[in-house]
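This report looks at the surroundings of a ligand and then at the internal cavities of a protein. Please keep the sequence and the structure in view while reading.

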Amino acid sequence: MPARLLLAGAGHAHLHLLHRAAALRAAGLAPVLISPARFHYSGLAGAVLAGALPESANTVDVAALAAARGVPHLDGLLERVDTAARRAWLADGRWMDFDLASFNLGSVAAAPAALLDAPGVWAVKPLGGLATLRRRLVAEIEARERCPALVVAGGGASAHEVAASLAALARRHGVAPRVALLGPAPGGKDGWAPPAALRTLRRNLAGQGIALVEGRAVARRPGACVLEDGTDLPCDMLVLATGLRAHALVAELGLPVDARGRLRLTSALHSVADPAIFAAGDCAVVEGHPRPMVGVFGVRAAPVLHHNLAVHAAGGKPAAFRPQRRWLAILDLGDGTGLAARGRLWWHGRAALWLKRRLDLGFVRRMRAAGEAQP
Ligand SMILES: Cc1cc2nc3c(=O)[nH]c(=O)nc-3n(C[C@H](O)[C@H](O)[C@H](O)COP(=O)(O)OP(=O)(O)OC[C@H]3O[C@@H](n4cnc5c(N)ncnc54)[C@H](O)[C@@H]3O)c2cc1C
């Protein structure tokens, strides 16, 4: 009897596993995927929000990929997992038993519920929501013939990219952007880009008419966003890019997690407490190698995850995943330029955006092709 393998979520690493499902079956595993039918790729999320690419440009049909690779797919959201009983339930009541599981559920926006649940508030994750935000904003611009007051809260890469994308969307629809980026003073300890790159980035955003406001949003009032010092910032739509945390389900597995709710893994990519529970991507962290939540780590972990799942079933030596210390990040600045950074190196210009498009469109094209091809 093959061992039943639950693939929870169709993030970057699991797309790779689907691609190479035949080898998993050959090793004695019977994979089953639980996930929504559509995957939204973050590398192109900014371009989609800006209206530079069509809404469908960053989606991959996971159902087609699973079908082409002979992997049964339960289309829906996983809601609960009993790791001791080895049983998983979907939100619609369906359930499946498994022998081993792998989680690639990604992350959600980290923000106080009072803000997340307030009217006129959008979170950057799940990414599918950004296409809805784009439609809503376009409708508002067409109805009012001016840009509503937009505030993007956050100080990291995605906050800067989303602010630039919103400004580009306004320009594309013939109105002047009214966008404020609300966050901490740059150059803090987060260090997601070298200080000179951050200065260039913020100069570029300011040049696009984006207001750079220091502060933190704590509440919403009609037409305004309330800052922690009690002042109001004009705001019709508030976008929260205030950080990410692992999908909530991971902390409910009853296994050790870190402060951001990520499953703590050995370098073999299984839980430090349960060798039959594997994970990769934003919802996991390798002990001793904490890294920010960016897509590259799920992509790089994928071949190791594939190998170690096969080895778990067929026997053999697991491989060790050591997440890299430096990685390439490229922001789409919405004005035809990109800002690229890798460790202390960085550059800004059209070539950076050209490279980003090439890499990101290539990823989506490969995943779509895998959904059309036979194994
Ligand atoms: C605006 C923005 C731009 C970004 N740009 C970049 C970038 O250019 N480059 C980069 O490296 N990173 C970028 N990131 C970060 C990136 O989004 C994440 O690091 C990356 O998506 C994480 O990949 P993952 O494979 O862990 O999960 P994800 O890609 O988030 O995939 C998670 C999967 O789980 C599924 N899922 C979710 N909930 C359930 C459930 N309950 N049941 C079943 N399935 C479920 C989802 O449908 C999805 O298929 C960006 C983030 C944001 C917010």
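How many Å separate an oxygen atom of the ligand from an N or O atom in the side chain of Lys125?

## Polar contacts of the ligand

In this predicted model, the distance between an oxygen atom of the ligand and an N or O atom in the Lys125 side chain is 3.2 Å. Taken alone, the ligand exposes 1000 Å², and the protein buries 86% of that area. Ser42 places a polar side-chain atom 3.1 Å from an oxygen atom of the ligand, and a polar side-chain atom of Asn104 also lies 3.1 Å from a ligand oxygen.

## The shell around the ligand

There are 30 residues around the ligand, and those that come nearest are His12, Ser42, Leu78, Asp282 and Gly295. By residue class, this shell consists of 13 nonpolar, 13 polar and four charged residues.

Domain 1 (3-36 + 76-107 + 244-325) and domain 2 (111-242 + 328-357) each contribute at least three residues to the shell around the ligand. Helix H7 provides its largest share, which amounts to three residues.

## Cavities

The structure holds three cavities of 30 Å³ or more, and the largest cavity contains about 170 Å³ of space. Its lining comprises 18 residues, with Gly281, Ala284, Val285, Val286 and Phe297 lying nearest the centre.

Strand S22 (284-286) and helix H10 each supply at least two residues of this lining, and S22 gives the most, with three. The lining of the largest cavity divides into 13 nonpolar, two polar and three charged residues.

How values were computed
Residues are numbered from 1 along each chain as its sequence is written. This is a predicted model: local features need pLDDT of at least 70, side-chain atom pairs count only at pLDDT 80 or more; totals for chains, interfaces and linings use all residues. Side-chain values use heavy atoms; hydrogens and water are left out. A residue is near a molecule or strand if one of its heavy atoms lies within 4 Å of it. A polar contact is a pair of N or O atoms within 3.5 Å; within protein, one must be able to donate a hydrogen and the other to accept it, and residues adjacent in sequence count only if both atoms are side-chain atoms. Accessible areas come from the Shrake-Rupley method with a 1.4 Å probe; for residues, only the protein chains shown count as cover. Helices (H or I, at least four residues) and strands (E, at least two) are DSSP runs, numbered from the N terminus. Ala, Val, Leu, Ile, Met, Phe, Trp, Tyr, Cys and Pro count as nonpolar, Asp, Glu, Lys and Arg as charged, and the others, Gly among them, as polar. Domain bounds come from an automatic or database domain assignment. On a 1 Å grid over the protein atoms alone, a cavity is a set of points where a 1.4 Å probe fits but cannot get out, and a pocket is an open set with protein on both sides within 12 Å along at least five of seven lines; lining residues have an atom within 4 Å of a point. Grid points are joined across faces, edges and corners, and a volume is the space filled by probe spheres set on the points.
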